[in-house]
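Visitor: Could you take a close look at the charged side chains here, and at the contacts that polar groups make? A connected account, with the criteria stated, would be appreciated.

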Amino acid sequence: MTYYNKDDIFRLALATTKTGGNALPIENDNTSTGAWVSIADAVDSGTAFAVNIKRSLVALDLDTPELIEIGEVIRESVSLPTLLVGSGRNQHMYIHAGTHSAAVVDRVRELGIPASAVRQTIRPPLSPHRLGLPVRLVAPSTVDEALQALGPIDEPKHLPDWIVDLIDHGDRTNRFEGNRSNMALTIASAMKRADLTLAHFRAVMTNRDNLGATKAHELEDQGKDVDIWIVRTWDRAEMSGFEREGTERVRAGVLAAGWPGQAGTTDKGVMLALCDLAISHGTSTPTFGVRRIAEVAQLGSDKTVRRSLERLSEAGWIRRVPASSKGLADGYKLLEMVNLTALDNGGDGNRCGQLAHSTASTLEHLRNHPVFRNRSGLGKSRGSVWVALAGIGPATKKQLAEAATCSVSTVGRALPILAEHGLAEQTQDGWVALGDESDLDTVAVTIGAMERAFRQMEEHERHRQGFKMMQKLQQRQADLPEVTDTVDDQRRQQEEMALMEQI
């Protein structure tokens, strides 16, 4: 058996990991504390660990004989460097795709690799197995050849020159048209992409010599708590890799938890909506009004969302971050509720491993598709059943209930309705999901759920515009001087009426 030293493991881990990435130790029971450590410390410990792979790689977890066979077909069909690794019970494959990772993922999916096997977080080549099972390089079989197949190590990121100039001299090109908040947000996003921290951003914003921090200086001069603004700006900025990992772990916890009853189904939808908003807007503390959350969760009532947020806060899923001033929405810090991530699926049926795999599914967002609205749509529970079925089918009702974390009776009621609308069918091997996102759109239009979703968005937009106009009116009234002249008084009333007509 070939002997691999710690230096070999360290070099392969660096060649696999994204810029500035760390390592996540894996316990013998296939769980993790969630405490990330440096790659050097992980290697030195001699225990199992996982990393977040760099964007130029596509990593596949081939954990069944069937997937291993497909892996061989992939190696023969793609004209790209590949590395096949024996990872204990399973095999891992790494494809150096460069800038074509998305196209490679589409190709391997066409060849039969499920979404759950396409990994963003995985044990790097030669990382020890949690149970001490042997690991090895299969093809190529030497460390030097494996390093060539993985491609060059990602170089550390630095702030672009134009961002440095923006910090030093402010918006000299009128890029932001005087919007100093957006200027600060851009600086925060660039700093996150360079793997800098909130402490670095705070230092930039509180330095009076930095003209790019004029908004922070203005708030400080007004006697306001500038640190609240700094933290909220940082949270709104483009999400760093570490924050995305945390949000994905929160999502995995949501999918792992039991959500009994109608209130549980609603709370699950709201939590998934918050996770989607967090990722799409690059923040670990989504800051949106209840109307926006209702739109994403496909819930018809703002009150329903408010009650759900209260329950989620009491249960410890989120922490409310009060708005810093009137007119702004509260933020909701996402909290990790469970200690999971079986990032090393040793094939032992570990529940956490299955859940960590499921979070990679590209179907997660469809749980909150308009077709699965309550009342006007097919219902939230049927959405959970369809997504689960699309991920594991063909399946029995019992298997589907476990995957969807609901009761067998719930599955039994959902399947006939899904079948009625052409979204599922029973075969001799079990139930399978039918259709894709466009088919869901078609069903949503047919049953009127899409129209209701659009009406809700239009209604909310009218409320937003009305609120903005009311604020404008109130500010106008505050700025008007007190006069006794009848002509001036009439003119003021006319101006107020004109504004009111626009609301």
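Guide: R172 is a suitable starting point: with a relative accessible area of 57%, R172 is exposed (buried means under 20%, exposed over 50% and partly exposed in between, with a 1.4 Å probe and protein chains only). The model is predicted, so local features need pLDDT of at least 70 and side-chain atom pairs pLDDT 80 or more, while totals for chains, interfaces and linings use all residues. Residues are numbered from 1 along each chain as its sequence is written, and side-chain values use heavy atoms, with hydrogens and water left out.

The partner of R172 is D165, and their side chains form a salt bridge at 2.5 Å, N to O (a side-chain nitrogen of Lys or Arg within 4 Å of a carboxyl oxygen of Asp or Glu). D165 is partly exposed, at a relative accessible area of 26%. By this rule, the count of salt bridges comes to 16.

Another of these pairs is R311 with D267, at 2.8 Å from N to O. R311 belongs to helix 14 and D267 to helix 12 (residues 261-280), so this salt bridge ties together parts that are 44 residues apart in sequence (helices, H or I of at least four residues, and strands, E of at least two, are DSSP runs numbered from the N terminus). R311 is partly exposed at 31% relative accessibility, whereas D267 is buried at 8%. Salt bridges with shared partners also join D7, D8, R11 and D144 into one network.

Within that network, the side chains of R11 and D144 meet at 3.9 Å, N to O. R11 sits in helix 1 (residues 6-16) and D144 in helix 5 (residues 143-150), so the pair links parts 133 residues apart in sequence. R11 is partly exposed, with a relative accessible area of 30%.

D267 also serves as a reference point for W317: their C-alpha atoms are separated by 10.0 Å, although the two residues are 50 apart along the chain. W317 lies in the loop between helix 14 (302-315) and strand 9 (318-321), and is buried with a relative accessible area of 7%.

Next come polar contacts (pairs of N or O atoms within 3.5 Å; within protein, one must be able to donate a hydrogen and the other to accept it, and residues adjacent in sequence count only if both atoms are side-chain atoms). In the loop between strand 7 and strand 8 is R123, buried at 2% relative accessible area; the R123 side chain reaches the backbone oxygen of S127 at 2.9 Å. H129 lies in the loop between strand 7 (121-122) and strand 8 (136-139) and is buried at 5% relative accessibility. The side chain of H129 reaches the backbone nitrogen of L131 at 3.0 Å. The C-alpha atoms of H129 and G46, 83 residues apart along the chain, are 9.7 Å from each other. N210, in the loop between helix 8 (198-205) and helix 9 (214-221), is buried at 9%, and its side chain reaches the backbone oxygen of V204 at 3.0 Å.
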